[in-house]
Each structure stands twice: as structure tokens, then as C-alpha cells.
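Q: Please take a close look at the charged residues of this model, with attention to their surroundings and backbone. I would like one connected account.

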Amino acid sequence: MMGYKIRNLKTFTSFSLETLVPEDNFYRQVEKCIDLSFVRDLVHHLYSAFGRPSIDPVVFFKLQLIAFFEGIRSERLLMEMVSLNLAHRWFIGYDLDEDVPDHSSLSKIRERYGMQIFPQFFEQIVKLCVYAGLVWGEELYFDSTKVDANAAINNMVNRTESKAEQHLVELWEKKEDEMPNETLQDLVENYNGERYTGLRKPSYKRITDEKVSLTDPDAALMRAQGGGSAVLGYRDHYIVDGGKARIILSALVSPASIMDNTPLLDLVDWTCSRWRLEPRIAVGDAKYGTVSNIVGLEERDIKAYLPMPDLSKRSEYYSSDQFQYDAENDQYICPQNQVLPLWSRRKSEENYVYRADAKVCDACPVKGECTGSKSGRHIFRSFHQEYIDKVKAYHETEAYKKASRKRSVWVEPLFGEAKDFHSLRRFRLRGLHKVNIEGMIIAAGQNLKRLIKHRLKKLCFLAQYWISRLFSAEASTFSTA
């Protein structure tokens, strides 16, 4: 016969939550390996000495970690799961008969902490990794990835026709009490989407300069990942240590209008000063191989292991590499043994210009393969050519080739991990400060995973060590008897 279950739940008092969570549960391992009580010291100044007690800051950050580990994007859904999941309740210290915090409280706490606390939380996790010996410090690897914004492209309006421009001005107005030492918050303020023109005056106007999203004014247009139409988004920048643990030493989210290579030197300076590192090399892909980055790294006594774009393939004419530089006379010799003397100095572009005589070029039998200019062939030489030649020489060394192979499996898998398991494909929050908070929580969680793995391995090793000592002591006792 068909059974029919009547819901008749009884009240049990003979067991506790402590006995319901298995000893090998993941959150027991997390609790064993990491003590989050330090967050109370970070936020102590934000609370009054009297009044109604707030949610414990440790509980708040444990909830952030649960959302990270479980890939939960909604705070309402997070609290529903915590209320139902015994391991989650045990982790945050709430018993079966206790009401878990309301989801709206998490948003209010996040607003209170803001960019003042979350960068410190990220730094504290990195500091724990440093103390655990997981940071090598000899090599730095950097990369960035595109992350979609939580905003649609079809709600963009002209800046002059909306109040969003004034909102941006108020949002990024610098504080009078700015700290003298640069922090992660300062980096976020610096890379807020405004154009970094560099040496040349831009010859085009970006759509981002003319239009703004009303939903997320800080997001910028970018090409969608995998192709397709443009979307609104950000760039998440990582600097990763070259040690085996692959600890993320700094994380910065900037609008997509900020190019990948722009924040590099500031991030390197912050990373080296904050963690007192003296790296030997810095490794990135071709998009980082700009002259300013190369010069900046080399002047900091860091070898710039950066590919440089091969511009010779962009032209049908002879490349500048086919011209020999005569350093003694400061001139170039063309393949036909004609002289190109120094013609001008362009300080705005930091280039020397060498030009052949127009009459000589017109009479040259290979002019059609060399130049189409009526004024003679021009060769441009950077003010920093010595650094450029030095970096090109690195490309022939085995150390550079090894670092390039290592880079391809060092940073990108971290982004893949964050996107596949920790919801980094699309930010759920809006605004530059909030997406940086979200990005830092994800980066801190990734570091925490590696720290937990290291400490569990260490605890397992110690347990095996003492067990072997115990058995050896018992064996010696029996042999004596």
C-alpha cells in the first residue's frame, strides 16, 4: 500500500549543534585554521561605547566568507541558506533556536565599513600569508581581467543632459584629510575612469567621455568577453607573488576605460612598500610592454620581463631594426649605407627623429621598399632607448623564457577560479567603491583558501609526527621489557 507521511515534528533537547556538524566539515577546518578576531580591532572606532549591541564584526566577515565559498550573490539568499544550513550556523556561532541576522543589516554594515575597512581586511589576510611563509617576494606577476558591471548599456545618457556628471564630481572629490602614505583606497581614487593622456594628445573622443550610465555611473564601455556587442564593465587588476602559493599581493578594480597597463607602476610601488619586498623581476604580457612601464621598472631595479609589440609587421616598408645606429656620431646608417643624421627632438613624445636627405632617398633604387615620404626616411629613437635595448636583450635569455611560461599558468588561473567558482564574471554591486569591496573580498578569499590548505597540511604533518613519536616510544618500551 502507498505510504502517507504526516508531518509531526517533535522537539528534541538531547543534542546540540556542536554534535550535528561532522568533525571533518569544511567550516570546522576553516575555524581551526583562521582566527578572525582581528576584525574587531579594525572596526572598533566605528562603534559607540553604549547603545544596542550590533552584529559581531567577526560574524559579518564570516558571512562574507560563506558567500564567497558557496558562490552566493544575494544577501537575502545568503541568510536563507545560513538559517537552514547547520554548518553555516555553527560557523557563525548561532544556535538552532537563534534568529540569524537580517539580510538588510549586512548592507548597512558594508556601507559603514566601506573602503576604510575592507582594504585592511584584505591586507590582514596577506599579512597572515606572509607570516606563514607563503610569500616569496622575488618575482611579481600581473594581469587583469574584464568583469561585467551590474548595469545595462541601453540606459546610458549624455553627460550634459543628466545630473550624473555632478554626481561623479561629488563622488570623487578628494578628502582634505588624505593620508600622506598611499593606500589601496588612494589607488581606487586615482584610477576612477578619467583619461590618462600620457605623452600624446588623444586624437579621438571616447564614448565614455560623452555618455554615462544612470545605473552605475562609474562603469565604462568595453568589448564583451568572447566577442559580441559592447557592455558596461570594469577591469580587475592582480599582482601575484611568484611563490608556489600564488598569493595575491594587491587587487584593484578600475573602470574599463582605464587600460590594463596604466596602474602597473603604482601597484608595484604600493606592493613593494606595503610588504617590504625587493623583487628581482616583474612579468606581464605584451599589453604591459609600454616604454613608461619599462623605464619605471628598470629605474626601480626590477627587471622588466615584458614582451614588446613588433611594430615592423604593421608597415610594408623597412623596419627601423634594419637601420644600424652609430652611437659615436649619433646617426643611423640605412641598408644602402646612407646616413640619417639627427634632425629634431620631440620632447612631448620623448623621441629623437633622424631623417635622411630627401634627394638621396629619391635617387635610391629601393625607396619603394623603404619609405613613401617625400621628405626622406624618418627613424624615431626613444629618449629611453638604452632601457628598451636592455629589455629586448632579456628576451633572448632562458630566465625570461622560463618566466614567460610561468606567467601563462600563474595569474590567469586565479581569474578563472574567481569567475567559475566565486561569481567574478559580473559584479553584483554598483559603483567604484563597492565593486572594489567585492573584488577585495574575492581576492582575500582566494588567499585564505591557500592559507587554510597550508595550515591543514602543517597540522596533518604535526599529527603524523607525534603519532610516529608515540609509536616509536611504545616500541622502545616493549623492546626493553
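A: What follows looks at a buried arginine, then at several acidic residues in loops. The model is predicted, and the description starts with Arg381, which belongs to strand β13, residues 378-382. Arg381 is buried and yet forms no salt bridge; Asp389, the nearest side chain of opposite charge, is 4.4 Å away, whereas a salt bridge requires a side-chain nitrogen of Lys or Arg within 4 Å of a carboxyl oxygen of Asp or Glu. The side chain of Arg381 does, however, make a polar contact of 3.0 Å with the side chain of Tyr332.

Turning to the acidic residues, Asp330 is found in the loop that runs between β9 (324-326) and β10 (331-333), and with a relative accessible area of 26% this residue is partly exposed. Its backbone deserves attention, because most residues other than glycine have a negative phi. Asp330, which is not a glycine, has a positive phi near 50°. Asp301 likewise has a positive phi, of about 60°, without being a glycine; Asp301 sits in the loop between α12 (291-299) and β8 (303-305), where it counts as exposed at 68% relative accessibility.

The last site is a negative surface patch, made up of Asp95, Asp97, Glu98 and Asp99. Within this patch, Asp97 is placed in the loop between α6 (86-92) and α7 (103-131), and with a relative accessible area of 68% it is exposed, so Asp97 meets the requirement of over 30% relative accessible area that applies to patch residues.

Note on methods
Residues numbered from 1 in each chain as written. Predicted model: local features only at pLDDT ≥ 70, side-chain atom pairs only at ≥ 80, totals over all residues. Heavy atoms only, no water. Patch = residues over 30% accessible without salt bridge, like charges linked within 9 Å, V, L, I, M, F, W, Y side chains within 5 Å. Areas by Shrake-Rupley, 256 points an atom, 1.4 Å probe, with all protein chains shown as cover. Lys, Arg positive; Asp, Glu negative; His and termini not counted. Charge placed at Lys NZ, Arg CZ, Asp CG, Glu CD. Helix = DSSP H or I, 4+ residues; strand = E, 2+ residues; numbered from the N terminus. Buried < 20%, exposed > 50% of the residue type's maximum accessible area, 1.4 Å probe, protein only. Polar contact = N/O pair within 3.5 Å; in protein donor to acceptor, adjacent residues only side chain to side chain.
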